[in-house]
Amino acid sequence: MTLRNETITIGTATAAPGKCGQGQLRVGALSMGSELSMPVAIVNGRHQGPTLWLNGAVHGDEVNAFMVLRQVIADLDPETLRGAVVCTPLCNPASVHWRSKINNLDWLDMDQQFPGRADGSYSQRAAHALFQGIRRYATHLISFHTVGTAFDANPYTVYKFAPKMSEESCERVEAMALAFGVSINCRVDLATASGEIAGGVAGALDAACSAAGVAAFMAEVGSGGAFQPGPIAEGVAGVRSVMAHLGMTEPSGAAPLAADRKIVTKRGFVYANSAGMLVDAPAAGSLVKAGEPLGRIVDFFEERDVSTVAKDSIVIMNRRDPVLHEGDRIAFLALEWEEA
């Protein structure tokens with residue numbers, strides 16, 4: 001890991017060692033001439049250390065990270081900080097304006113576009129502009145997300161092992177993710193995880209960071225569409241603990257780790273095989289025993305059990321929106337795990 005002590009410049013934000021900076025990183029323009037840009041904040045410590053990049057709202061409705069990063073950056077002192085913290089809390093401005101996971105300019109998921117293209121569509125250009133700064137400065141990165149607005153989840157982490165990652169790199173990423181301190185920590189081996197999650201992962205920010213030698217993981221902090229004080233507080237505590245783990249702050253700054261930390265090694269979605277209204281769904285964090293149902297689907301005339309689980313499972317994410325179409329996601333489950 002390269003430790004730096006240099007002036008950092010991202011867009012119009014710049015900070016010399018021992019200073020703070022704020023500004024904007026341009027990512028595009030609209031037809032009427034208005035600019036699209038993401039806010040950037042930098043706290044550059046006077047002392048040499050890692051550069052931790054904190055990124056939020058790559059999906060525009062996932063806003064809890066905005067408050068997490070706002071509090072984290074406000075509490076840092078560049079005189080005592082070892083290394084630097086760079087925050088891009090709203091990295092997908094078009095999607096934030098649209099209040100949606102994707103935007104209405106090119107209808108792409110920005111978290112599938114990294115490392116991006118300077119001559120591509122909006123999402124590709126925004127990804128490229130962001131990743132150039134990350135590639136230049138970051139040694140570590142936390143990519144903040146939430147689950148969708150239709151779902152509930154306690155904060156959890158996801159960290160990915162790519163086929164070409166060294167054993168040392170895998171160990172470094174796992175230690176960083178576990179330092180975040182939450183109960184559920186999902187280890188995803190990209191060589192064997194086919195079908196575990198919907199969509200691709202090759203263009204995700206954390207995967208692109210791994211390919212570029214930047215240690216990265218995803219922190220899922222609650223649900224989208226509204227600020228949630230509990231998950232926000234856990235996110236702030238998690239960042240402080242990661243910073244202490246990396247030696248950027250004193251160990252006393254770390255929050256207590258969850259007493260029941262688990263490393264989840266296999267996950268899966270459960271989908272509705274019939275339509276109606278979902279009731280009695282088990283809460284996020286619940287242990288569902290083999291043979292137990294994941295709630296009931298009812299319509300105005302009858303009710304039936306949702307599919308039962310074949311083995312003991314932990315509910316990572318449950319559905320809070322009761323309206324179900326056939327094929328909708330009901331839950332996201334941890335199927336296999338080990339104690340951390």
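**Exercise 1. Find the loop that holds Leu-105, then say whether Leu-105 is buried or exposed, or something in between.**

Start with the place: Leu-105 sits in the loop between helix 2 (93-98) and helix 3 (122-137). Helices here are DSSP runs of H or I with at least four residues, strands are runs of E with at least two, and both are numbered from the N terminus. Before going on, note that this is a predicted model: local features need pLDDT of at least 70, side-chain atom pairs count only at pLDDT 80 or more, and totals for chains, interfaces and linings use all residues. Residues are numbered from 1 along each chain as its sequence is written, and side-chain values use heavy atoms, with hydrogens and water left out.

Next, the exposure. Leu-105 has a relative accessible area of 40%, so it is partly exposed. The cut-offs: buried is under 20% relative accessible area, exposed is over 50%, and partly exposed is in between (1.4 Å probe, protein chains only).

Last step: look at the company Leu-105 keeps. With Leu-30 and Met-32, Leu-105 makes a nonpolar surface patch of about 290 Å² accessible area together. Patch members need over 30% relative accessible area and no salt bridge; nonpolar side chains (Val, Leu, Ile, Met, Phe, Trp, Tyr) are joined within 5 Å, like charges within 9 Å. The areas come from the Shrake-Rupley method with a 1.4 Å probe, and for residues only the protein chains shown count as cover.

**Exercise 2. Stay in that loop and pick out the backbone oddities at Trp-107 and Pro-115.**

First, a rule of thumb: most residues other than glycine have a negative phi, and most peptide bonds are trans.

Now Trp-107, which lies in the loop between helix 2 and helix 3. Trp-107 isn't a glycine, yet its phi is positive, about 60°. Its relative accessible area is 52%, so Trp-107 is exposed.

Then Pro-115, also placed in the loop between helix 2 and helix 3. The Phe-114 to Pro-115 peptide bond is cis, with omega near 5°.

For a further case, try Ala-57, in the loop between strand 5 (47-55) and helix 1 (64-74). Ala-57 has a positive phi near 60°, and at 0% relative accessibility it counts as buried.

**Exercise 3. Work out which residues of helix 4 are buried and which salt bridge lies within the helix.**

Take the length first. Helix 4 covers residues 167-179, so to speak a run of 13 residues, and reaches 18 Å from its first C-alpha to its last, close to the 18 Å expected at 1.5 Å a residue. The expected span is 1.5 Å times one less than the number of residues.

Then the burial: Cys-170, Val-173, Glu-174, Met-176, Ala-177, Leu-178 and Ala-179 are buried.

Now the bridge. Arg-172 and Glu-168 pair at 3.8 Å, N to O; a salt bridge is a side-chain nitrogen of Lys or Arg within 4 Å of a carboxyl oxygen of Asp or Glu. Both lie in helix 4, four residues apart, about one turn of the helix. Arg-172 is partly exposed at 24% relative accessibility, and Glu-168 is partly exposed at 47%.

Finally, step past the end: just after helix 4, Gly-181 has a positive phi of about 95°.

**Exercise 4. Describe the ring pair of Phe-180 and Phe-217 and say what it ties together.**

Nine aromatic pairs turn up in the whole structure. Rings of Phe, Tyr and Trp (its six-membered ring) pair if their centres lie within 6.5 Å; planes under 30 degrees apart are stacked, over 60 edge-to-face, the rest tilted.

Here the centres of Phe-180 and Phe-217 are 5.8 Å apart and the planes are at 70°, so the pair is edge-to-face. Phe-180 is in the loop between helix 4 and strand 10 (184-189) and Phe-217 is in strand 11 (residues 215-223), so the pair ties together parts 37 residues apart in sequence. Both Phe-180 and Phe-217 are buried. Ring pairs also bring in Phe-144, making a cluster with Phe-180 and Phe-217.

**Exercise 5. Compare two salt bridges, Glu-250 with Arg-82 and Lys-160 with Asp-206.**

The structure holds 16 salt bridges. In the Glu-250 and Arg-82 bridge, the closest N and O atoms are 3.1 Å apart. Glu-250 is partly exposed at 45% relative accessible area, and Arg-82 is partly exposed at 26%.

For Lys-160 and Asp-206, the closest N and O atoms are 3.1 Å apart. This pair links strand 9 (residues 156-161) with helix 5 (residues 205-211), 46 residues apart. Lys-160 and Asp-206 are both buried.
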